[in-house]
Amino acid sequence: GWIVVMALVHLALLVRTMSSSIPAQLATDLVALGLMLPVACSCLLQTDSHNFIIPGVAVWAYIGIAWRLNNPSESMIEAYTEDVVRAFNVAAYVLASIVCCLLVPRVSIWACQEFFTIHVVQLEDTFSPIHEPLHTNTQ
């Protein structure tokens, strides 16, 4: 899960170092941002497990990217233009919000099931149908 997020980030960094093409870099960044969303959502939509770490890592990555783009460097603005940088900034915040909107209710439902549900435990029946103990010590 989190390896997918890291692989996407490293893919974007690899394209950035190997290609000087701005459209290729922007396309890779866009794909990396977009692919983290289904990874996070697939973990949240599984009903048989409680995996909140991968969506949390995705939110952390989105917020980290958006936070870095709040104050872009002059070289970044020169390479991509301020409009493109702001668009990616807003997109990262929106994608983080989407994952949070799915994460908060899922964690709330899990917490309610875990902490506010009575767990019924069935005890073993130690008596026979005629209400006599099954194990009697006759010594």
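Which residues are buried in H2? That is a good place to start, and point 2 takes it up.

1. A word on the overall picture first. This is a predicted model, and its chain holds five helices and zero strands. Reading from the N terminus, the order of elements is simply α-α-α-α-α. Of the 139 residues in the chain, 28% are buried. The chain exposes about 9900 Å², and carbon and sulfur atoms supply 68% of that area. If you look at contacts between residues at least 6 apart in sequence, 60% of them join residues at least 24 apart.

2. Now to helix H2, which covers residues 22-44. Its buried residues are Gln-25, Thr-28, Asp-29, Ala-32, Leu-33, Met-36, Leu-37, Val-39, Ala-40, Cys-41, Cys-43 and Leu-44. With 23 residues, H2 reaches 34 Å from its first C-alpha to its last, close to the 33 Å expected at 1.5 Å a residue.

3. Ala-27 also belongs to helix H2, and you will not find it in the buried set. It counts as partly exposed because its relative accessibility is 40%, whereas buried would call for a value under 20%. The C-alpha atom of Ala-27 is separated by 9.1 Å from that of Ala-12, although the two residues are 15 apart along the chain.

4. Helix H3 spans residues 53-70 and has 18 residues. From first C-alpha to last, H3 reaches 25 Å, which is close to the expected 26 Å at 1.5 Å a residue. Buried here are Ile-54, Pro-55, Val-57, Ala-58, Val-59, Ala-61, Tyr-62, Ala-66 and Leu-69.

5. Asn-89 is a nice residue to click on next. It sits in helix H5 and counts as buried, because its relative accessibility is 6%. Its side chain makes a polar contact with the side chain of Asn-70, at 3.0 Å. Setting aside neighbours within four places in sequence, Asn-89 is in contact with Ala-66, Leu-69 and Asn-70. Two of these partners, Ala-66 and Leu-69, are among the buried residues of H3.

6. Further along helix H5 comes Arg-106. Does this arginine count as buried or exposed? At 14% relative accessibility, Arg-106 counts as buried. Leaving out neighbours within four places in sequence, its contacts are Leu-44, Gln-46, Thr-47, Ser-49, His-50 and Phe-52. Leu-44 is itself one of the buried residues of H2.

7. H5 also has a surface feature to look at. Leu-102, found in this helix (residues 82-115), joins Val-90, Val-94 and Ile-98 in a nonpolar patch on the surface. Together the four residues have about 300 Å² of accessible area. Leu-102 counts as partly exposed because its relative accessibility is 35%.

8. Finally, please have a look at the backbone of Thr-81. This residue lies in the loop between helix H4 (74-80) and H5. Its phi is near 75°, a positive value in a residue other than glycine. Thr-81 counts as partly exposed, because its relative accessibility is 41%.

Note on methods
Residues numbered from 1 in each chain as written. Predicted model: local features only at pLDDT ≥ 70, side-chain atom pairs only at ≥ 80, totals over all residues. Heavy atoms only, no water. Helix = DSSP H or I, 4+ residues; strand = E, 2+ residues; numbered from the N terminus. Buried < 20%, exposed > 50% of the residue type's maximum accessible area, 1.4 Å probe, protein only. Contact = heavy atoms within 4.5 Å. Areas by Shrake-Rupley, 256 points an atom, 1.4 Å probe, with all protein chains shown as cover. Expected span 1.5 Å × (residues − 1). Patch = residues over 30% accessible without salt bridge, like charges linked within 9 Å, V, L, I, M, F, W, Y side chains within 5 Å. Salt bridge = Lys/Arg side-chain N within 4 Å of Asp/Glu carboxyl O. Polar contact = N/O pair within 3.5 Å; in protein donor to acceptor, adjacent residues only side chain to side chain.
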